[in-house]
Amino acid sequence: MKILITGSHGQLGNELSQMLKTGEAGIGKISDAYKGCEVVAVDVEDLDITDAAAVSSFVEREKPDVIINCAAMTNVDGCETNFEAAMKVNAIGPRNLAVASEKNGAKFVHVSTDYVFRGDGCTPRCEWDEVGPNTVYGKSKLLGEKYVSEQCSRYFILRTAWLYGLIGKNFVKTMRRLGNMNDVTTVVDDQRGNPTNANDLAYHILKLALTEEYGVYHCTGEGECSWADFAARIMELSGCKGTVAKCTSEEYSAKYPSAAPRPAYSSLRNLMLECTVGNEMRDWDTALQEYIIKLDEMEKNS
């Protein structure tokens, strides 16, 4: 088996590469079907997914059995001010990969986001719920989903949220840093969602990719919390000296008027996983505890 991973320098791409190398995930062992598989891990310097011709020739030359697209422009505020770049990376790029997948008979896995929903309501969104993004980031990701479903017959779209991994920047690392620097860190408390360990998401991507259960999936940590609750738990588990002060989204917007709006409620239910291959996503707090231990070990050895 040959697997092409785009966006390999990111949090999720790194988790996938390491998992395929070790055969291990936090949830458990991955399938023996991946033993000895060939992994082609690329990032923008190796393959610009917005270049249709480059994608076509690269995929035709490598002939992967599975393409996993982890490349994305995830800077929500940056997307608002540079919507052309957002559309290219988050919509045109997935379209190019989907076209190449279909042409070469590869399965295609594409990672999307909770931002495709309006962010209202008070019950977790299922895969069949009506979408309605209100940010450039969400709109560009939704268009990417549309292109993938139109251009490729063997696709998996996985919507995730509040993702954190061992490499790169993320909310967990930011809160650890601020919790050690400041006595008090102010965090929004009226936005709720599902913190997701990238290792758990990678495990389910590989689990799905062995099947023909094509379609749209939600794949987030089980349970929900507010950003302030998440931050407080991060600091507690990390032994930080600082504490969290809660604020409202309105108060945050007044302080940072240029910031793009965030969903007030973006909790997702992993219903399609439950109905097909099985939902093994861990409770967000359990997954976070393991992550903090791993991060501490990694930082100690660096």
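Colleague: Which residues line the largest cavity?

Modeller: Glu15, Leu166, Asn197, Asn199, Glu290, Tyr291 and Lys294 do. This is a predicted model, where local features need pLDDT of at least 70, side-chain atom pairs count only at pLDDT 80 or more, and totals for chains, interfaces and linings use all residues. Residues are numbered from 1 along each chain as its sequence is written, and side-chain values use heavy atoms, leaving out hydrogens and water.

Colleague: What makes a space a cavity?

Modeller: On a 1 Å grid over the protein atoms alone, a cavity is a set of points where a 1.4 Å probe fits but cannot get out, and lining residues have an atom within 4 Å of a point. The largest cavity has a volume of about 40 Å³, counted as the space filled by probe spheres set on the points, which are joined across faces, edges and corners.

Colleague: Why is the chain called as compact as a globular protein of its length?

Modeller: The globule rule is 2.2 Å times the number of residues to the power 0.38, with the radius of gyration taken over C-alpha atoms. For 302 residues the rule gives 19 Å, and the chain's radius of gyration is 19 Å, so the description fits.

Colleague: How do you know that helix H5 has close to its expected span?

Modeller: Helices are DSSP runs of H or I, at least four residues, numbered from the N terminus. The expected span is 1.5 Å times one less than the number of residues. H5, residues 136-151, has 16 residues and reaches 22 Å from first C-alpha to last, close to the 22 Å expected.

Notes: Helices (H or I, at least four residues) and strands (E, at least two) are DSSP runs, numbered from the N terminus. On a 1 Å grid over the protein atoms alone, a cavity is a set of points where a 1.4 Å probe fits but cannot get out, and a pocket is an open set with protein on both sides within 12 Å along at least five of seven lines; lining residues have an atom within 4 Å of a point.
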